[in-house]
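Please read the following notes with the model open beside you. They take up the chain as a whole, then one sheet, then two individual residues.

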Amino acid sequence: MFSKVDGLLNRCRRGMVAVLGAVVLAVAPAAQADLIGLYEFNGNLNNSITGPGALGDLELAPMTNGTRQVVDGRLQWSDITFEGGLNLKLGGISGGMTEYSIGIVFTLMVEELGYNKILDFANLTDDSGLYKFTGSIMAYPYSAFAGNNINEGTQVTMVFTRTPASFTIYVEGSPAATDSYGNTLAVSGSNGAIWFFTDDRGRSEFAKAGFIEEIRIWNTALSEEEARAAFAHIPEPSA
């Protein structure tokens, strides 16, 4: 027979389950960042990531000077003297992105003495973005500088993370610069685009030669631990 004592015990059990559930929810880890772009330059400019949420393929805008080619697992360019630089574009980002991370492994071989644009998020409509400037990575228009002694011929592993409130630049796995801002450095526009090593409006602020070994893009801002391991080996899918 069901007694008052049994009813009390059942209520206690339900209460303990609810409390335990709340504790589990409270300590549940944050969702892991999803890799939505992986560009390894294995003979093409394709994104190796497929499925829902994946970004499109890279494309090289037409140019009339210089040499650009995918060879030996990297995209390299040389002898570019005008037309804004490499002119490498990742377009079709519907609605833009306000939170993301971009990782690049690159080497600049022939630079301008001043600014050399690395990333443009505004579809080449203004000067904002990331630059190589006097041996460091600079977020313009902010006074955030990352790394030092980054010279011509130096391989650089950089990760840039952005949230709606702040950004961080990691160089060789270390958080070298962080800042807060208003609404810049977001991938903007209804049909947003990211440009790599291309100056807005075709100015001269670009590296005339260099190469990119890999680009990775995530759908959220990586943590410091994730940024350190951003270019860890990705196992091949099992057969």
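Contact, as the word is used below, means that heavy atoms lie within 4.5 Å. The model is a predicted one.

1. On the chain as a whole, I would begin with its composition, which is two helices and 15 strands. The chain has 239 residues, and 42% of them count as buried. When contacts between residues at least 6 apart in sequence are considered, 63% join residues at least 24 apart. The chain exposes about 12200 Å², of which carbon and sulfur atoms supply 54%.

2. On the sheet, seven strands form an open arrangement with antiparallel pairing, in the order β2-β5-β14-β7-β8-β9-β10. Its edge strands are β2 (59–60) and β10 (144–146), each of which pairs on one side only.

3. Starting from the β2 edge, strand β2 is joined by two bridges to strand β5 (residues 85–94), and the two run antiparallel. Within this part of the sheet, leucine 60 stands opposite leucine 88 in β5.

4. Strand β14 (residues 191–198) deserves its own point, because seven of its eight residues are buried, so that the strand is largely enclosed by the rest of the structure. Its pairing with β5 is antiparallel and extends over six bridges, and here glycine 85 has threonine 198 of β14 as its bridge partner. Strand β7 (residues 115–120) is also antiparallel to β14 and is joined to it by two bridges, with tryptophan 195 of β14 as the bridge partner of aspartate 120.

5. Is serine 136 buried or exposed? Serine 136 belongs to strand β9 (residues 136–140), and it counts as buried because its relative accessibility is 10%, where the cut-off for buried is under 20%. Once its neighbours within four places in sequence are left aside, serine 136 is in contact with Tyr131, Phe145, Ala146, Gly147, Asn148 and Ile150. For asparagine 148, the separation from serine 136 is 12 residues in sequence and 4.8 Å in space, taken from C-alpha to C-alpha.

6. Which side chain makes a polar contact with the side chain of threonine 220? The partner is the side chain of glutamate 99, at 2.6 Å. Threonine 220 itself is found in the loop between β15 (209–218) and α2 (224–228). Leaving aside neighbours within four places in sequence, the residues in contact with threonine 220 are Ala33, Glu99, Tyr100 and Ser101.

Definitions and conventions
Residues are numbered from 1 along each chain as its sequence is written. This is a predicted model: local features need pLDDT of at least 70, side-chain atom pairs count only at pLDDT 80 or more; totals for chains, interfaces and linings use all residues. Side-chain values use heavy atoms; hydrogens and water are left out. Helices (H or I, at least four residues) and strands (E, at least two) are DSSP runs, numbered from the N terminus. Buried means under 20% relative accessible area, exposed over 50%, partly exposed in between (1.4 Å probe, protein chains only). Accessible areas come from the Shrake-Rupley method with a 1.4 Å probe; for residues, only the protein chains shown count as cover. A polar contact is a pair of N or O atoms within 3.5 Å; within protein, one must be able to donate a hydrogen and the other to accept it, and residues adjacent in sequence count only if both atoms are side-chain atoms. Two strands pair if DSSP finds at least two bridges between them.
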